[in-house]
Amino acid sequence: MSIAYWSTMDTKIGPFTAVVAGDGAVLASGWTGDVGELTPLISPSLAPGEVKQRRDLGPVSTAIRRYHDGDLDAVADVEVRQRSGAFREHAWEILRKVPAGEPVSYAEYAALAGNPAAVRAAASACAKNAAALFVPCHRVVRTGGGVGNFRWGVPAKQWLLTHEAA
């Protein structure tokens, strides 16, 4: 039975919780104080048998603090572990390469992921992303620059885009 660990910290846009595997890889994260909102997002193939609270998640907690304090690349090297179909997993890897401050449209994201016609699949990859911030789905916007939807709320997405544009 595998054990995962979680921690919630205060950020400039509210509580942020991360769930990490025993080796420190992020399994789920987002702007919530309720770990129960995150655990259902973890792929069944990665779901831990037990989830324990920790005060600090080491490098993951450090990266979260540094990002919110202005070091926009602080989360880039944190390992993330998500499972899904081949396109979605590839799309998540591509999304981690979209630079802070340079949002892309859903159509551009689909093209970056190798299938320009797969705009809906690209949008679905964003919607199914369990590791918000570490897989920066907030960097995908509507064609024309509209913010679009975000699991953690449009105000949070707007804050993130503004934070990264500064």
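These are my notebook entries on a few spots I looked up in this structure, which is a predicted model.

**Entry 1: two helices**

I started with α2 and α4. Helix α2 covers residues 86-95 and helix α4 covers residues 119-127. Their axes come within 9 Å and cross at roughly 75°. Angles of 65 to 115 degrees count as roughly perpendicular, so α2 and α4 are roughly perpendicular to each other.

Next I listed who touches whom. From α2 I noted Phe 87, Arg 88, Ala 91, Trp 92 and Leu 95. On the α4 side they meet Ala 121, Ala 122, Ser 124, Ala 125 and Cys 126. I sorted the residues of this contact by type and got eight nonpolar, one polar and one charged.

**Entry 2: aromatic rings**

How many aromatic pairs are there? I get three with the ring-centre rule. I took a look at Trp 31 with Phe 150: the ring centres are 6.0 Å apart and the planes stand at 50°, so I logged the pair as tilted.

The pair links distant parts of the chain, 119 residues apart. Trp 31 is in the loop between β3 (26-30) and β4 (50-53), while Phe 150 is in the loop between β6 (140-141) and α5 (154-165).

Are these two buried or exposed? Under 20% relative accessible area means buried. Trp 31 has 9% relative accessibility, so it counts as buried. Phe 150 has 11%, so I put it down as buried too.

I also noted that Trp 31 and Phe 150 belong to one aromatic cluster with Phe 16 and Phe 134.

One more ring to record: Arg 54 lies over the face of Tyr 5, at 3.6 Å from the ring centre.

**Entry 3: Arg 96**

I found Arg 96 in the loop between α2 and β5. Its relative accessibility is 26%, so it counts as partly exposed.

What does Arg 96 contact, leaving aside neighbours within four places in sequence? One run on my list is Val 75, Ala 76, Asp 77, Val 78, Glu 79 and Val 80. The list also has Phe 134, Val 135 and Pro 136. Phe 134 already came up as a member of the aromatic cluster.

I checked one distance here as well. Arg 96 and Ala 132 are 36 residues apart in sequence, and 11 Å separates them C-alpha to C-alpha.

**Entry 4: Leu 133**

Leu 133 sits in the loop between α4 and β6. I flagged its phi, near 80°, as a positive value in a residue other than glycine. With a relative accessible area of 1%, Leu 133 is buried.

**Entry 5: Leu 41**

Leu 41 lies in the loop between β3 and β4, the loop that also holds Trp 31. At 24% relative accessibility I count Leu 41 as partly exposed.

Which residues does Leu 41 touch, not counting those up to four places away in sequence? I noted Ala 130, Arg 151 and Trp 152. For Leu 41 and Ala 130, the C-alpha atoms are separated by 5.4 Å, with their positions 89 residues apart along the chain.

**Entry 6: Ser 105**

My last stop was strand β5 (residues 104-105), where I found Ser 105. Its 9% relative accessibility puts Ser 105 in the buried class. Beyond neighbours within four places in sequence, Ser 105 is in contact with Val 140, Val 141, Arg 142 and Thr 143. Strand β6 is made up of 140-141, so two of those contacts, Val 140 and Val 141, fall in a strand by the DSSP runs.

Terms used:
Residues numbered from 1 in each chain as written. Predicted model: local features only at pLDDT ≥ 70, side-chain atom pairs only at ≥ 80, totals over all residues. Heavy atoms only, no water. Axes fitted to C-alpha atoms, helices over the stretch in contact; angles between N-to-C directions. Helix = DSSP H or I, 4+ residues; strand = E, 2+ residues; numbered from the N terminus. Parallel < 35°, antiparallel > 145°, perpendicular 65-115°, else oblique. Contact = heavy atoms within 4.5 Å. Nonpolar A, V, L, I, M, F, W, Y, C, P; charged D, E, K, R; others polar. Phe/Tyr/Trp six-rings, centres within 6.5 Å; stacked < 30°, edge-to-face > 60°. Buried < 20%, exposed > 50% of the residue type's maximum accessible area, 1.4 Å probe, protein only. Lys NZ or Arg CZ within 6 Å of the ring centre and 35° of its normal.
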